[in-house]
Structure formats: structure tokens, C-alpha cells
Amino acid sequence: MAYKCVVLVKQVPDTANVGTRTMKEDGTVDRAALPAIFNPEDLNALEMALQVREQYGGQVTVLTMGPPRATEVLREALYRGAERVILLTDRQFAGSDTLATSYVLQCAVERIGECDLVFCGRQAIDGDTAQVGPQVAEKLGLPQITYAESILTLNRDEIVVRRVFPLGQETVKSPLPCLLTVVGSANQPRPPSARRMLAYKLAAIPSEYPALLQRWPEFKTEEALDRYLVERDARIPVWSAADVDADPDRLGLSGSPTKVSRIDHVVLGGGESRTVPANPEGIAALIRELVQDYVV
Amino acid sequence: MSGDREVWIFVEQEAGVIAPVSLELLSKGRELADELEGRVVALLLGNEVENLVEQVVHYGADVVLLADHPELELYRTLPYARVLGDLVRERGPYIFLLGATPTGRDLAPRVASAVRAGLTADCTALRIGDYEYRRQVYPDLLYQIRPAFGGNVIATIVNPETHPQMATVREGVMRMGEPDAARRGAVERVPPQFEELDVAVQVLERETRQPTCNLRAASIVVAGGVGVGSREDFALVRELAQALGGEVGASRAAVDAGFVSPEHQVGQTGATVRPRLYVACGISGAVQHRAGMDQSSKIIAINTDPEAPIFQIAHYRIVGDVKEVLPWMIRACRESAN
């Protein structure tokens with residue numbers, strides 16, 4: 001009773017930790033200063049898939065679409081336990097909105113072949129749209145179970161899942177295959193394993209070979225490095241639009257019905273303000289003032 | 001032309017009660033349709049929900065498309081998406097709005113994908129305007145305005161070439177108009193046709209609870225961030241809220257840290273509040289938080305870091321430790337109450 005699992009993940013700028021250091025003088029965010037991280041709820045999705053594999057057997061394949069740098073999250077997925085990772089990258093993907101992105105992901109999942117469960121995080125912290133999961137499900141013709149917190153039962157024919165909302169919860173039963181979007185409260189993602197970090201230390205996509213050769217000159221040539229990685233299952237496959245047989249008209253800007261018409265930076269307001277002494281007298285005076293002004 | 005300038009509103013209902021955001025959207029849809037000289041079409045799905053038609057009309061619908069079917073009793077993605085997708089394909093609306101509730105955010109992308117429409121999530125403002133793209137002017141598009149990038153920017157999104165222009169809209173940001181009992185509208189029954197897979201997912205159990213807090217209606221909000229320190233210390237935030245007769249709010253980080261339940265979250269991914277007084281305790285003031293509270297009339301910020309961004313929008317700055325300052329504040333409030 002083994003399950004083929006595919007996990008869709010995204011590398012995102014760490015928008016949750018925008019502090020004073022990552023703000024520019026004009027009060028806007030300095031995107032370049034934000035570190036790129038594994039989208040938090042995608043880690044919960046990966047963990048859920050790994051637990052399915054541990055309990056029932058199967059395979060976990062992790063797929064990401066992004067620039068070559070997104071290989072970082074694929075290495076992290078290998079360290080945490082995925083056995084297969086794939087990078088979807090192509091200049092034609094640039095500028096894709098959620099509709100175009102979900103189309104590319106559909107093509108890639110179809111190229112992977114038969115699968116029983118597709119996992120995604122509920123939403124990514126850069127866009128917070130929560131759209132790609134349901135859109136991939138629709139394109140693959142699969143039922144979707146959004147806000148999934150735990151799998152209660154799983155067998156060949158069906159899955160029972162608890163879904164959670166801010167004001168309630170629900171238990172649903174779905175036939176397989178299906179797609180789940182996983183919430184942050186689902187589990188505690190396991191840390192990278194030291195053993196796997198060693199095993200996949202050099203895991204790379206071919207465009208990273210020149211940089212790797214600088215650090216590991218003993219390989220001498222890219223061919224030698226490539227042979228070494230292939231033997232250890234550590235060459236990360238890269239798929240282009242053509243590799244997944246995607247229709248170019250449905251990719252990138254031309255495949256995206258939504259256009260960004262303008263962007264306004266949020267600038268911190270500079271209203272009148274005053275500093276209240278941080279002592280019991282200062283606080284008591286403030287409260288008296290607020291009472292007098294009918295604020296409280 | 002069929003569907004020309006129709007503004008569609010999905011009316012979300014559970015157990016015969018319409019979600020407030022749907023009424024807000026009927027009011028907003030009315031405004032947009034008037035500007036476009038079009039009409040508001042409401043989509044009402046459920047089982048034995050015909051009695052809701054009148055209310056939907058009173059809030060602004062010209063036409064109600066009613067899909068009444070036992071399979072639509074409880075919300076499930078696939079049968080609802082089937083009904084909406086079929087209707088969109090058949091009638092080609094100009095604009096289609098849904099509430100950004102858990103249901104709306106589950107349903108809208110499924111429908112948008114099926115009809116290959118552009119969809120913008122969690123809008124906080126909507127306007128009609130022109131757009132120029134590749135030397136062509138597209139008049140009267142829907143400007144879909146939303147915070148993006150963790151709330152650090154405000155993006156205006158348009159769908160120039162495809163209809164419907166779809167968006168989910170955040171709860172509580174559009175003004176709900178007064179119902180007009182004199183309004184008249186038409187009802188059209190649209191019998192659903194389901195395929196086998198549409199009804200294959202079953203709801204075994206559903207529990208909903210009443211909100212334990214009503215942040216949006218609160219005139220005083222006392223909110224805590226990770227700077228409060230711990231789940232235990234968060235009791236101080238509750239105590240001050242109680243002393244001031246306000247509601248408890250929280251930053252996303254405090255919710256993520258488990259100090260308090262998600263329904264208390266204020267900010268881009270939580271509630272938008274405009275209280276008379278907002279007390280930010282140990283909240284650094286990430287833009288995603290400020291997006292939900294910067295319209296408050298008076299803001300008191302308490303933080304140990306004098307450089308914390310929250311101080312840039314605060315009216316009263318208290319540089320100090322929440323664990324010290326809050327007890328003083330609680331005592332001062334109780335004394336002033338006596």
C-alpha cells in the first residue's frame with residue numbers, strides 16, 4: 001500500500017520578518033535585503049507527505065517552479081527526507097500569475113506520472129493568495145481539500161482529512177487521487193537530517209557546476225562532477241517549458257490574465273506623536289488624559 | 001450582448017444565514033454596476049434557500065440566479081464550482097466578486113481556473129478605471145487593489161483581456177448599505193447538473209463556533225505581539241483589554257507563536273480594525289500588521305526597541321518592557337474607573 005506523493009513548494013522572500021533593518025530610508029521595504037526561505041506552510045506540506053510515506057510506504061517527489069536559485073529549497077527538501085526533487089525553470093515562466101503557474105505545475109505533475117496525493121502549503125507568504133493549490137487541483141481534475149490539518153484515515157480508495165478554519169473545523173472524505181493544501185498547525189516539520197545533509201552536500205543543478213568546481217577543484221571537469229552526482233542521485237533534474245510539453249501561450253506574461261497596473265509602496269505615516277515616560281506616574285497621567293478626552 | 005457589464009456577486013450562506021461579506025459585496029456591486037450602467041446579478045446556491053432571495057434583492061441585486069439542490073446543502077468545493085463555472089461559461093459576466101472567506105478562497109480559484117479567468121485574492125478596495133497596455137486603452141476595467149508582499153506594498157491589479165474580472169474581497173472593508181425593502185428584482189432558477197466526481201467528496205462532520213471576539217466592531221483594541229514574551233504573559237494583554245472594555249488583538253507573530261488564537265489576528269492576513277484606541281504591546285509594527293490598524297484614531301505603542309517601526313505611526317510612544325508597563329496601565333485604568 002504505497003502512495004506516490006508530490007509536494008509543490010515555493011521559495012519566498014521572508015516577508016514576515018520585515019524589521020527596521022530591511023526598511024529603506026523612505027519607509028518602504030528593501031526586497032533585496034530579505035532572505036529567501038522555504039515557504040513555511042510548504043514545509044508542513046512536505047512533513048505531511050513524509051509521514052504518509054513513513055506510515056504506509058511510497059515516494060515523495062518535491063517540485064518547485066522558480067529561478068535557478070530556488071534549487072536551495074530543493075536541497076533543503078532532500079535534507080529533510082524527500083527522495084526526488086525537480087526544478088522547473090525557464091525564462092518563459094517569468095511573470096506568471098497564479099493561473100499560468102498552476103498550468104505549468106499541472107504539466108509537470110502530469111509528466112511525473114501517476115500519483116496518489118498532491119500536497120501544497122495553504123498559501124505562500126509573499127502573495128498570500130492561496131490560489132495555486134486549488135487551481136492545480138482543478139487543472140488536474142482532482143478533488144481539493146484545502147486547510148488540511150491532519151489525515152485521519154488513508155486507504156487505496158479514500159482519504160479522510162480534518163480541515164480547520166478560524167471558526168470551526170470539518171471532516172471530509174475524498175476519493176484518491178486528490179490534492180491537499182496544508183495549514184501551519186498541521187505538524188512540526190522535521191529538521192534537516194545531518195546524515196542526509198552529508199549525502200546530498202553537493203546536490204546541484206548543472207548550472208551550478210562551475211561554482212561547485214571552484215569549491216571542489218579535485219573534480220577537475222564538469223563531466224567528472226556530473227558523473228559523481230548522477231551516481232549518488234544528487235544531480236537535481238531541471239525541466240523547461242518544453243520538457244513538460246507546456247503550451248507557450250499559456251506561460252508567463254502572455255498566459256497571465258492579471259496584470260499589475262501599479263505598485264504603491266506603503267510609507268510609514270508621520271503623525272503627531274509624543275513620548276510618554278515609562279514609569280507609573282507617566283502612565284497614570286496618560287490614562288487620565290485619555291479619560292478626559294473621552295478616548296477611554 | 002449577453003452578460004455585458006454584469007457584476008456578479010456570490011452570496012455565501014450557511015444554514016440559511018448570509019455571510020456579512022456577501023451583503024457588503026452586494027452594496028459594492030451596486031455601486032460598480034451603477035457606474036458601468038450594468039446590473040448586479042447575485043448567485044445564490046444552497047438547499048431550500050429561496051427565502052433568502054428577498055434579502056439579496058433588498059441589498060442591491062437586480063437579478064438572483066438561484067441554484068437550489070440537495071447536493072448544495074453544505075458547502076463543498078466541487079458541486080459549487082460546477083454550478084458557478086457552468087454559469088460563467090454560459091453567460092460571460094464582466095465582473096465576478098466573492099468574499100475572501102475560507103469558502104470564497106477555496107471556491108474562487110477553482111472557478112477561475114476552470115474558466116481561465118484572472119483572479120485577485122483578498123482585495124481591500126475596488127474601483128473602475130482605464131488601463132493602457134501595449135498601446136491599447138482598455139476602458140472601464142476593475143481595479144483590484146490589495147496589499148502584497150507581506151503588506152509592504154499596495155498593488156493594483158487589472159485583467160485587461162479576459163472576462164470575468166474575478167476577485168475575492170476581504171471581509172469588513174466594504175461598507176454594507178442599508179437594505180431597501182422597496183427594491184424589486186427578478187429570480188431565475190438555474191437547475192444544476194452534476195457529474196459523478198462533483199459529488200464524490202463527503203462532509204462527515206462540520207463544527208462551527210461563534211466568534212469569541214468581534215475585533216472589527218470594537219472601539220478599543222489591546223493587541224499583543226511576540227514582545228509580550230510568552231503565552232502566560234499574554235494574560236496581561238487580556239487584563240488590560242478587560243480594564244479598558246476593549247477586545248484582544250494580536251500580531252501574526254504572536255498568533256504563530258501560539259500566544260493566542262488566530263481569530264484575534266490584526267493585519268493583512270487578519271482583521272482590519274479602526275478603533276478609537278489601539279494599544280500595541282510588544283508589536284514591532286511589520287507593515288503587514290500596520291495595514292490592519294493604522295487607521296485607528298489613537299495609537300499607543302509599547303516596545304523596548306525605540307527604533308521599532310510601530311513608533312512611527314503611534315501617537316503615544318512608551319519605550320519600555322510590556323511586563324512592567326502593562327501592570328501600571330491596568331492599575332491606572334482601574335483607579336480612573338473608581
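**Notebook: chains A and B**

I began with the strands and found that strand β13 (residues 274-275) of chain A and strand β18 (residues 316-319) of chain B run parallel and are joined by 2 bridges. I keep in mind that this is a predicted model. Looking up the partner of A:R274, I noted that the bridge leads to B:Y316 in β18(B).

Next I turned to the contact between the chains, to which chain B brings 78 residues and chain A brings 68 residues. On the side of chain B that touches chain A, I found that helix α4 (residues 102-115) of chain B gives the most, with 8 residues. Sorting that side of chain B by class, I wrote down 42 nonpolar, 19 polar and 17 charged residues.

I then went to a pair of helices within chain A, and noted that the axes of helix α3 (residues 98-112) and helix α4 (residues 132-140), both of chain A, come within 8 Å and cross at roughly 50 degrees. I therefore entered α3(A) as oblique to α4(A). For the sense of the crossing, I recorded that α3(A) passes α4(A) in a right-handed way.

Last, I looked up which residues meet where these two helices touch: α3(A) brings A:T98, A:L99, A:T101, A:S102, A:Y103, A:L105, A:Q106 and A:V109, while α4(A) brings A:V132, A:Q135, A:V136, A:K139 and A:L140. By class, I noted 7 nonpolar, 5 polar and 1 charged residues in the contact of α3(A) with α4(A).

Note on methods:
Residues numbered from 1 in each chain as written. Chains lettered and ligands numbered in written order. Predicted model: local features only at pLDDT ≥ 70, side-chain atom pairs only at ≥ 80, totals over all residues. Axes fitted to C-alpha atoms, helices over the stretch in contact; angles between N-to-C directions. Helix = DSSP H or I, 4+ residues; strand = E, 2+ residues; numbered from the N terminus. Parallel < 35°, antiparallel > 145°, perpendicular 65-115°, else oblique. Left-handed = near helix turned anticlockwise from the far one by under 90°. Contact = placed C-beta atoms within 7 Å. Nonpolar A, V, L, I, M, F, W, Y, C, P; charged D, E, K, R; others polar. Pairing = 2+ DSSP bridges.
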